[in-house]
Each structure stands twice: as structure tokens, then as C-alpha cells.
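User: Please take a close look at one part of this model, the strand pairing and the core beside it, and then set that part in its wider surroundings.

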Amino acid sequence: MISCPRCQAAQDKIRNEHQGRDAQGDLVWTIYHCNACEFTWRDSEPATSIDYDTREAFFRVDPEKPYPVIMPPAQYK
Amino acid sequence: MQAPGEFTLLSIPAHDMGRHIMAAEKNNVPLKISVMLGNHPAMCMFAATPVGYEESEFAYASQMMGSPLRLTKSGNGMDILADSEIVIEAELMNGVRTFEGPFGEFPGSYSGVRKIPRFKVTAISHRDDPIFENIYIGRGWTEHDTLIGLNTSAPIYAQLKKDFPEVVAVNALYQHGLTGVISVKNRFAGFAKSVAMRALGTPHGTMYLKNLIMVDDDVDPFDLNEVMWALSTRTRADDTIVIPNMPLIPIDPAAEIAGKGHRLIIDATSFMPPDKLGSDSKIVTPPAGPEIDEIAKMIQVLQNGENS
């Protein structure tokens with residue numbers, strides 16, 4: 001069960017982005033992307049980066065939180 | 001990268017690019033860009049120099065190198081360097097903002113999470129075996145401080161010098177100018193403060209010059225021993241200025257609200273009438289002249305043991 005390491009979004013928000021294979025065609029790593037917070041990660045990165053519980057709180061994101069918007073556009077999408 | 005073919009790129013209203021983004025979104029017209037990665041060091045230097053909005057970074061880089069730059073047209077019609085390692089052509093996704101950060105930044109801290117402008121890639125071109133150029137950044141002193149220090153100081157100096165020829169030197173080496181030291185010959189009492197206010201209105205000063213130390217023309221602002229001497233001997237605590245709630249880069253770790261902050265001006269120049277001067281002292285001027293040279297020679301002879 002994969003969830004987003006940055007915002008803890010559930011699996012239905014996660015996109016399988018790319019798979020890296022060795023010369024024999026065996027799967028070495030997978031890159032995922034979170035549609036909720038736009039985080040991208042590779043599953044071979046250290047747990048401090050890709051495990052929500054191990055990840056430092058400062059580096060987590062709550063998509064519901066009103067983060068600063070740089071140059072708020074008139075018609076914000 | 002935010003998705004295949006999409007990326008975010010941070011710009012703030014103080015940047016030229018920020019102005020372009022705001023104008024494009026206000027008028028709902030496309031904004032095309034070309035991101036050039038891996039360029040001649042002169043180009044990198046002037047891309048990071050706070051020159052005026054109407055001035056050309058290409059022209060500055062060309063002048064410094066003493067030869068014309070080789071430019072060409074990107075696929076989306078921009079003037080680009082012909083010798084960039086990698087060129088990413090893209091278009092602003094009007095009105096879209098996406099999560100980015102935290103990122104390591106030059107004050108030696110991480111930025112917060114921001115929602116920032118997003119772009120759609122329209123083409124990528126590169127040289128064979130392209131070199132991806134990057135920079136080591138963090139708590140100073142890093143190569144970032146070395147590479148950006150002088151080209152931060154020089155434009156502030158040039159912009160001040162136009163209005164105030166009494167300005168001698170500008171040191172904005174520290175954290176991209178979050179602290180600056182300016183030496184100036186006081187024309188009249190309080191003059192250095194007027195120069196400091198003008199510095200806060202320069203393109204770079206508007207967002208970066210958080211702490212300003214003003215020193216006399218006999219103090220080298222690049223010699224911190226001299227600056228500390230000036231601070232120790234020529235400041236009065238009630239002769240400093242704090243200007244609250246000014247614009248400030250959004251990554252100042254000390255900011256209460258990202259994007260705003262207080263400015264500090266310390267006038268460490270000597271007092272002149274009508275200010276009251278120090279009542280019971282006189283600053284020493286190092287002695288010089290033929291007599292001193294003679295004494296120096298005698299001391300040297302004594303030191304060398306040639307007095308027998």
C-alpha cells in the first residue's frame with residue numbers, strides 16, 4: 001500500500017511515473033508522483049525522504065493548509 | 001519537475017520575470033520563456049546581477065568579455081545564447097500555482113512550502129553530452145557567497161555613486177546583501193543616513209538590504225576589523241534607525257511574515273556639527289611623514305640587531 005511520503009495522500013492519488021530496469025529487464029526502481037501535493041519520489045531513496053513517519057515534520061505538506069501563494073493571480077486555478 | 005513536461009519556477013514580484021508573469025496573467029496572454037542551463041560564467045554572473053529593469057544582462061556580459069555574444073532564436077522566438085548546454089522552452093500556465101519546497105536557500109536555511117507559478121514544456125534541446133551546471137549553496141561561506149558577492153555590491157555602488165559621489169565603497173558580500181556595509185564621506189551631519197535610505201531604494205536594496213552599517217571614508221568596509229572599530233567608537237545606540245514592515249525577500253529566516261521585515265540602519269560614521277561631538281576625546285590619526293619614516297628605520301635597525 002503506497003501513500004505519499006510528503007502529504008500522506010492515499011494510493012488512489014499516486015501515479016506510477018516511471019520504472020527503471022537493468023540490462024536484464026529486471027525492475028530496479030519505480031518513480032511515483034502524488035497528484036495531491038505534486039511530490040515526486042523514487043522508491044529506492046532513504047526512508048527519511050520517502051517514509052511519511054520517518055520524514056522530518058518540517059518537510060511534510062498538508063494540502064489543506066493555506067500555504068503562501070507567490071504572486072496570487074486574479075483568476076486562481 | 002511536477003509532471004512529465006511540467007515544472008515550477010520560483011519568481012517573486014521583485015524579479016523582472018515576476019513582473020512579466022503578473023502582466024501576462026493580468027492581460028491573459030501567453031508568456032513564453034526559454035530556460036538556459038550551463039552557460040559562460042560571464043552570463044551567469046550578470047544573470048545574477050541586480051541591474052536596472054531596462055538594462056540588458058546580455059550587453060553587460062558581452063562588455064565584460066570584450067566580445068559579442070553568440071545569440072540565436074529559440075523555437076518559441078526568444079533571444080537565447082547559442083552555446084547553452086541545455087535549453088528548455090516553456091509557456092506559463094496562466095493562473096496555476098503548485099506546491100514547491102522546502103528548498104535549501106542561501107541564508108543557510110530552508111524555505112517554507114509555497115504555491116508558485118507552473119510552466120508547460122514545449123521543447124528541450126541540448127548539446128551532445130550536455131553539462132548540467134549547479135551551485136553549492138547553504139550556510140555561508142559557500143561558493144554561492146563567493147560567486148555572487150561582488151556582482152551584488154557593484155551595482156549598489158554604481159547606483160549610489162550617481163546621486164552621492166561621496167560614497168567610497170559598498171560591501172554587500174554577506175548572505176546576498178542581507179547585511180551591507182557602506183563607506184561614505186559625510187558632507188553634512190546625518191548625511192550617511194540619507195545615503196542609507198537611497199540604498200534601500202536600489203533594485204537590490206528594495207528586497208535584500210536588511211541591515212546596513214554606514215562607516216566613514218577612512219574605514220574599509222571590506223576589512224571587518226575596521227568596521228568593528230567604527231561600530232565600537234562611532235555609534236550611539238539612539239542614533240540607529242529601524243524601519244518596520246518593509247518588503248523583504250520571503251526567505252529571511254528571521255522574518256515574522258515571509259516577504260516582509262524590518263530594516264536596520266546603524267550610522268557608524270563620525271559625528272559632525274550641529275551634532276554634539278564626543279565631549280572628552282579625539283580620534284587618533286596614525287602618524288606619517290619624514291620624521292616617522294626616520295623613527296621606523298631606527299626601530300628596524302634595532303630589531304635587526306645592527307646597533308653595535
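Analyst: In this predicted model, Met246(B) stands opposite Gly261(B), a residue of strand E13. That position belongs to a pairing in which strand E12, residues 240-247 of chain B, runs antiparallel to E13(B) over six bridges. E13(B) also pairs with E11(B), here in the parallel sense and over five bridges, and within this second pairing Asn211(B) has Leu264(B) of E13(B) as its bridge partner. E13(B) therefore has both E12(B) and E11(B) as pairing partners, where strands count as paired if DSSP finds at least two bridges between them.

The core can be approached through Met214(B). Leaving aside neighbours within four places in sequence, Met214(B) is in contact with Ile182(B), Val184(B), Ala192(B), Val195(B) and Ala196(B), and also with Ile265(B), Ile266(B), Asp267(B), Ala268(B) and Thr269(B). Met214(B) is also one of the residues that touch the most other members of the largest nonpolar core, which has 30 residues; the others in that group are Ile182(B), Val195(B), Ala196(B), Ala199(B) and Leu212(B). At least two residues of this core come from each of helix H4 (143-163), strand E9 (167-174), strand E10 (179-184), helix H5 (191-200), strand E11 (211-216) and strand E13 (260-268) of chain B. H5(B) gives the largest share, with five residues. A second core, separate from this one, holds twelve residues, among them Phe46(B), Ile80(B), Ile88(B) and Ala90(B).

The domain assignment gives the setting for these elements, dividing chain B into domain 1 (6-126) and domain 2 (143-268). The C-alpha centres of the two domains of chain B lie 28 Å apart, and the contact between them involves 14 residues of domain 1 and 16 residues of domain 2. On the domain 1 side of that contact, eight residues are nonpolar, five are polar and one is charged.

Beyond E13(B), the chain reaches Ser281(B), which is placed in the loop between E13 and helix H7 (290-303) of chain B. Ser281(B) counts as exposed because it has 8 C-beta neighbours inside 10 Å. Its C-alpha atom is separated by 29 Å from that of Val242(B), the two residues being 39 apart along the chain.

Chain B also meets chain A, through 24 residues of chain B in contact with 17 residues of chain A. On the chain B side, helix H1 (16-27), strand E5 (86-100) and strand E8 (114-126) each supply at least two of the touching residues. By class, that side of chain B has 15 nonpolar, four polar and five charged residues.

The partner, chain A, has one helix and three strands, arranged along the sequence in the pattern β-β-β-α. With a radius of gyration of 15 Å, well over the 11 Å that the globule rule gives for 77 residues, chain A is more spread out than a compact globule. The C-alpha trace of chain A spans about 50 × 30 × 20 Å along its principal axes, and buried residues make up 17% of its 77 residues. Among contacts in chain A between residues at least 6 apart in sequence, 41% join residues at least 24 apart.

Note on methods:
Residues are numbered from 1 along each chain as its sequence is written. Chains are lettered from A and ligands numbered from 1 in the order in which they are written. This is a predicted model: local features need pLDDT of at least 70, side-chain atom pairs count only at pLDDT 80 or more; totals for chains, interfaces and linings use all residues. Two residues are in contact if their C-beta atoms, placed from the backbone, lie within 7 Å. Helices (H or I, at least four residues) and strands (E, at least two) are DSSP runs, numbered from the N terminus. Ala, Val, Leu, Ile, Met, Phe, Trp, Tyr, Cys and Pro count as nonpolar, Asp, Glu, Lys and Arg as charged, and the others, Gly among them, as polar. A nonpolar core is a set of buried Ala, Val, Leu, Ile, Met, Phe, Trp, Tyr and Cys residues joined through C-beta atoms within 7 Å. A residue is buried if 20 or more other C-beta atoms lie within 10 Å of its own, exposed if 12 or fewer, and partly exposed in between; C-beta atoms are placed from the backbone. The radius of gyration is taken over C-alpha atoms; the globule rule is 2.2 Å times the number of residues to the power 0.38. Domain bounds come from an automatic or database domain assignment.
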